[in-house]
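Visitor: I have a model open on my screen and would like to know how its descriptive labels are earned. Could you take me through a few?

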Amino acid sequence: MGTMALNPDLKNVTLPDAVVASAQTDFTANDDVQTMLALKAGNLEAFDVLLAKYRKPIVSFMYRMVHNQAIAEELAQEVFLRVFRSRETYRAEARFSTWLYRIATNLGVNHARDTKNERSAPTIHLDEPDYETGTMPDVADGTPSVEADLLHEERMKAIRQHVMELPERQRNAVLMHKYQGMDYKQIGEVLKLSESATKSLLFRAYQTLRVKLKDFV
C-alpha cells in the first residue's frame with residue numbers, strides 16, 4: 001500500500017480471491033475512473049495508484065486551505081481514507097478528480113468551521129513556495145531591491161488577506177482555479193454549480209480582488 005498510514009482499516013480488508021483475480025492489475029492504460037472501478041472490484045493495488053498520483057496535489061490543496069502542514073497531511077489522509085471506505089458505493093458519474101476534490105473541499109470547509117473560534121486570524125499564505133515545486137505561485141519580482149521586496153511583501157500580504165475574506169465558495173473556487181489549475185467545468189462539478197455559474201462566481205471573486213488590490217496593480 002501507499003505511504004500514508006491508513007491502517008488499521010486497510011489491514012482488516014479481506015476480499016474473495018476470485019474477486020481480486022478478476023480485477024485489473026495493469027493500470028498504465030487506465031484513466032482514473034477505470035482505476036477506481038478496479039478498486040471497487042477488489043484490486044487494492046488500484047488504491048496505491050490513485051494515492052501515488054493524487055497525494056501531493058491533495059496535501060498541497062489542503063495546505064492552501066488550512067496553512068498548517070500537519071493538519072493538511074491529516075486531512076489529506078482522511079480524504080483518501082474516505083475514498084477507500086467509499087469504494088464499494090463509488091459510481092463513475094464524473095471524473096475521479098472531481099469526486100476527490102469535492103471530498104477534500106468539504107473536509108477543508110468543515111475543518112475551517114470547526115476551528116473558527118480557535119483561529120485568531122486567517123493565516124493562509126498564498127505567497128509561500130508551492131508545496132510540490134518550491135516555486136512561488138504568484139508573479140515574482142524580477143528586479144530585487146529593498147523597495148521591490150517590501151512592495152512584493154506588502155502585495156502578497158494584501159492578496160492573502162483579501163482572498164481569505166472572500167465568501168467561502170468564491171475563496172475555494174479561486175484556490176482550485178489559480179493554484180490547482182482546475183478548469184471551470186471541474187470546479188463547477190466540485191462545487192455542484194453549472195459551468196456558467198462557476199465562471200460568474202470566479203468573475204465576482206476576481207473583480208473583488210481587483211478592486212481590493214487596485215493600489216498594487
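Guide: Happily; here are some labels and the reasoning behind them, bearing in mind that this is a predicted model.

Visitor: Why is Thr105 called buried?

Guide: Thr105 has a relative accessibility of 4%, and buried means under 20%, so Thr105 earns the word. You will find Thr105 in helix 5, residues 96-114. Leaving aside residues up to four places away in sequence, Thr105 touches Phe61, Met65, Asn172, Met176, Val190 and Leu191.

Visitor: What makes helix 3 oblique to helix 7?

Guide: Helix 3 (residues 45-66) and helix 7 (residues 168-179) pack at about 135°, their axes 11 Å apart. That angle is what makes the pair oblique, because roughly perpendicular covers 65 to 115 degrees and roughly antiparallel needs over 145. The crossing of helix 3 past helix 7 is right-handed.

Visitor: Which residues meet where helix 3 and helix 7 touch?

Guide: From helix 3 come Phe61, Arg64 and Met65, and from helix 7 come Asn172, Leu175, Met176 and Tyr179. By class, the residues of this contact are five nonpolar, one polar and one charged.

Visitor: How do you know that Gln170 is buried?

Guide: The relative accessible area of Gln170 is 10%, and the cut-off for buried is under 20%, so Gln170 qualifies. Gln170 sits in helix 7. With residues up to four places away in sequence left out, Gln170 touches Leu201, Arg204 and Ala205.

How values were computed: Residues numbered from 1 in each chain as written. Predicted model: local features only at pLDDT ≥ 70, side-chain atom pairs only at ≥ 80, totals over all residues. Heavy atoms only, no water. Helix = DSSP H or I, 4+ residues; strand = E, 2+ residues; numbered from the N terminus. Buried < 20%, exposed > 50% of the residue type's maximum accessible area, 1.4 Å probe, protein only. Contact = heavy atoms within 4.5 Å. Axes fitted to C-alpha atoms, helices over the stretch in contact; angles between N-to-C directions. Parallel < 35°, antiparallel > 145°, perpendicular 65-115°, else oblique. Left-handed = near helix turned anticlockwise from the far one by under 90°. Nonpolar A, V, L, I, M, F, W, Y, C, P; charged D, E, K, R; others polar.
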